[in-house]
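Q: I would like a close look at a single part of this model, with the rest brought in where it helps. Please keep the account plain.

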Amino acid sequence: MLDATQNPPLPARSGVGYKAQHYSDIMESPGPLGWLEIHAENYMGDGGRPLAQLRHLAERFPISVHGVGLSIGGEGDLDADHLARLKHLVSWLNPASFSEHLAWSTHDSHFFNDLLPLPYTPKTLDRVATHVQQVQETIGRQMLLENPSSYLAFAESTMSETDFLRELAQRTGCGLLLDVNNVFVSATNLKTSPQAYIDDFPLDAVGEIHLGGHDEDEDETGAPLLIDSHGKAVVDPVWALLDYTLAKSGPKPLLIEWDTDVPEWPVLADEIERADRALSLVMS
Amino acid sequence: MTVTQTAFKAAMLDPAAAVPTGIVNPDGAAASKRFDVYRNNVAVSLSDALEAAFPVVRKLLGDEFFRAMAGVFLRKHPPKSPLMMFYGDAMPQFLGRFEPTKKFGYLPDIAKVELAIRHAYHAADATSADAQAFGTLAPDALMGTKLRLAPATQTVTSDYPIHAIYRANTQTDAPKPVMQAEAVLITRAGFDPEIHHINAAAATCIEALMKGQSLGQAMAIADDTLDLGAVLGLLLAQGAVTEIY
């Protein structure tokens, strides 16, 4: 599926989710920044500053395109118009990677701008696999699929998330994006072990690792309820889970995600440096 | 026990609805507060998008009123596409019909201006035409000439002083709006859209040009308050003319 003209994959270095307010900082003093991730939907306009900035950034850094609107887990068909827009973006930008989420966000032509959960059943697996194949065929390359943050469970689920993702990767040839903050959030919320999740995760299929911050709340029974907000620094237990993961997986491209209450560039640069230190521990 | 996405969506958009059976916490019990995370995420993310999209409407209504209005809007008009940059196309019509806002007749037109500015921001880039081309035209050819305008170019016409209201809410030294009909032209020479006050005749003329009509046809449609020289001067100065043919 890879064609010879495709840009090389993401480097096993630390990147950051791109925010337009950091454009000048990134162009003038990127520090240890190894690559950038953009949200696909923000670059699907016809022109203007967003696309001009992206062209400049792409000349200097490997770019990962991360979609938040395909609704891969949707019960309905994928949105053909959106798929066409994605194909156009991937064609002209030729990014190092394209990734999306194991989630749904559109139903009956309405888009909810959130990543909604799926029951893990053979029926869901068939549907998601069909959609992943359709995306990969449309854009002519492998995609990565990201594990979600879970707040609740479906009584109808018959598979573990790790089995679901492993089977999906085997069937479709897609890669996986492992968000270790999501692993920590889900494990806390569902009272499971984050290390056991990593132990059972098909790490060979991982093309990228995400790190982000979360909020803390509790449910009506007093049990902890962590919310994946991307609005804070990565917490120590998540850094520890990253070390645990990298020790098993070896070096991978790492990404700091900070999408709400976005701080000044130096705060993000510190997070990038900390991720780099985690990588250096496993670099031979 | 299967939770369909239809059932999930209905319960998610209605805070008073029961959580679908089959959604559980790790102990297998009902999980209403956990389900509320999605209710909250969706409402907050769509409200935030509307706040960012309509800053002047928000300023006119006040934060609290806007947030309450947005809560009604987002349930009645969820986005129809994942392109959040264009969310809110239904806002002008909604504000004109929504009971608490329909008495503010200017609000739908202010929302139209804010939508037009966003569309201009994301419109395709364009290279402006050389204004010298006008100089080489034979005098009798001028009225048959057509102009292609940059994709960012838009007009909004109103019975209200929309330009003055917009300025008064975006600039510190702007004069107080006086009740009169106003129209605006939105252009984008570089990356930042600009808003210009024009009269209704100029708006009629520019809209005719955008439809591919000649200068003569556009002039004939507009009333005699049209100053064609001023319209052409403004369009050319803003780099809004991409071809003269």
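In which loop of chain A is Ser71(A) found?

A: The model is predicted. Ser71(A) lies in the loop of chain A that runs between strand E3 (63–66) and helix H3 (80–93). Its backbone stands out in one respect: Ser71(A) is not a glycine, yet has a positive phi of about 55 degrees. As to its surroundings, Ser71(A) has 27 other C-beta atoms within 10 Å, and 20 or more count as buried, so this loop residue is buried.

A second residue of chain A can be set beside it. Asn113(A) also is not a glycine and has a positive phi of about 55 degrees. Asn113(A), however, is placed in strand E6 (residues 110–116) of chain A, whereas Ser71(A) is in a loop. Asn113(A) has 22 C-beta neighbours inside 10 Å and therefore counts as buried.

Further along chain A there is a helix pair. Helix H8 (residues 236–249) and helix H9 (residues 265–280) of chain A pack with their axes 9 Å apart, at an angle of about 30 degrees. Angles under 35 degrees count as roughly parallel, so H8(A) and H9(A) are roughly parallel to each other. The crossing in which H8(A) passes H9(A) is right-handed. On the H8(A) side, the contact is made by Trp239(A), Leu242(A), Asp243(A) and Leu246(A); on the H9(A) side, by Arg274(A), Ala278(A) and Leu279(A). Sorted by class, this contact of H8(A) with H9(A) has five nonpolar residues, two charged ones and no polar ones.

The segment after H9 of chain A holds Val282(A). Leaving aside residues up to four places away in sequence, Val282(A) touches Leu246(A), Ala247(A), Gly250(A) and Pro251(A). Of these, Leu246(A) is also one of the residues of H8(A) in the contact with H9(A). Lys252(A) is 30 residues from Val282(A) along the chain, and their C-alpha atoms are separated by 9.7 Å. Val282(A) counts as partly exposed because it has 16 C-beta neighbours inside 10 Å, while Ser71(A) is buried.

Chain B is described here by its domains. Its domain assignment gives domain 1 (1–104) and domain 2 (124–245). Taken over C-alpha atoms, the centres of domain 1 and domain 2 of chain B are separated by 37 Å.

Key. Residues numbered from 1 in each chain as written. Chains lettered and ligands numbered in written order. Predicted model: local features only at pLDDT ≥ 70, side-chain atom pairs only at ≥ 80, totals over all residues. Axes fitted to C-alpha atoms, helices over the stretch in contact; angles between N-to-C directions. Helix = DSSP H or I, 4+ residues; strand = E, 2+ residues; numbered from the N terminus. Parallel < 35°, antiparallel > 145°, perpendicular 65-115°, else oblique. Left-handed = near helix turned anticlockwise from the far one by under 90°. Contact = placed C-beta atoms within 7 Å. Nonpolar A, V, L, I, M, F, W, Y, C, P; charged D, E, K, R; others polar. Domains from an automatic or database assignment. Buried ≥ 20, exposed ≤ 12 C-beta atoms within 10 Å, placed from the backbone.
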